[in-house]
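Here is a short tour for the bench. Please keep the sequence and the 3D view open as you read.

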Amino acid sequence: MRDLSNKDVVHVVSNGFEFLQFRRLLEYKDIINHAYSVGLNTNFRTARANKELLSDQEYENAINDYKGLCNAINEDYIKAVKTNQDHTNNIKIVENKVNDDSPDFNLHEYDRTDGLITNKSDIILSTTNADCILLLFFDPVKRVIANVHSGWKGTLQRISVVAIKKMIDEYGCNPKDIICCICPSIRKCHFEVDKDVKEQFYNEFKDLNEIDDIIEQTSDNKWNIDTVLINKVILEDLGLKQNNIIDSGLCSVCNCDKIHSFRVEKDGYGLATALIKLC
């Protein structure tokens with residue numbers, strides 16, 4: 001097994017399942033539980049609110065992967081709610097698990113939703129990715145958690161900022177208390193774009209002091225963009241402390257033997273899952 005552990009994440013194997021955990025969040029393991037799957041394919045991308053577009057076998061495989069991952073961190077998968085992601089900046093508050101006896105994860109309830117927030121215990125917030133950024137937020141003072149999917153379109157819409165503002169408005173969170181953990185995702189080294197996408201990023205973020213580090217021209221018609229750095233900067237600008245923004249430092253493309261990558265896997269891409277839960 002190739003170990004992905006580094007100074008900020010630990011690579012765990014439990015009951016045959018592999019996952020990453022952030023060392024910083026493990027300091028609060030009496031308050032929260034979390035994981036980022038390694039090697040699994042928790043693929044509900046075609047479900048769009050139910051399983052009619054998945055074969056029975058595909059649906060069963062995805063359920064079993066969720067069940068196994070949750071069991072590996074001593075959680076019950078039936079408590080999971082999941083965003084039905086659509087590259088929006090829509091964030092929803094989760095007050096309860098609808099259909100407590102059903103493993104449908106409330107996909108219909110959270111359709112076209114890319115972030116979830118709760119202060120309720122025993123609700124597992126779940127997002128999935130294959131290159132996109134997943135952000136786990138935790139306020140240990142107010143005991144509020146969030147799980148946010150920020151692909152390049154979500155980053156352009158500043159969904160991470162939307163999430164923090166919602167934590168402030170709904171729960172009175174202080175940005176200085178909030179911890180943000182950035183899961184494995186595509187990094188600047190492999191996020192190459194054409195001029196049309198580059199222009200969108202430049203127009204949105206040209207006022208940032210770090211813009212020259214964020215956008216780098218690599219050839220006449222290609223640019224590499226650092227979406228992770230963008231999220232770090234805009235979160236700091238909102239009041240998060242630099243030492244409270246913890247980056248896994250793992251590129252999904254560079255580590256595609258362990259982490260799902262749309263750019264590598266193409267149409268047959270799988271999905272990893274990030275989970276976070278208040279105890």
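## A helix across a small group of strands

Helix α5 (residues 195–205) lies across β11, β12 and β13, and runs at about 45° to β13. Axes here are lines fitted to C-alpha atoms, for helices over the stretch in contact (heavy atoms within 4.5 Å), with angles from 0 to 180 degrees between N-to-C directions. Helices (H or I, at least four residues) and strands (E, at least two) are DSSP runs, numbered from the N terminus.

The 3 strands make an open, antiparallel sheet in the order β11-β13-β12. Its edge strands, each pairing on one side only, are β11 (192–193) and β12 (215–219). Pairing requires at least two DSSP bridges between two strands; β11 and β13 (residues 222–225) have 2. Within β13, tryptophan 223 is the bridge partner of valine 193.

## How far to trust the model

This is a predicted model, where local features need pLDDT of at least 70 and side-chain atom pairs count only at pLDDT 80 or more, while totals for chains, interfaces and linings use all residues. Residues are numbered from 1 along each chain as its sequence is written, and side-chain values use heavy atoms, without hydrogens and water.

The chain's mean pLDDT (the predictor's confidence in each residue, from 0 to 100) is 91. Over residues 45–52, pLDDT stays under 50.

## Helix α4

Helix α4 (residues 159–171) has buried residues (under 20% relative accessible area, 1.4 Å probe, protein chains only; exposed is over 50%, partly exposed in between), including Ile159, Met167 and Tyr171. Just after α4, glycine 172 takes a positive phi of about 70°.
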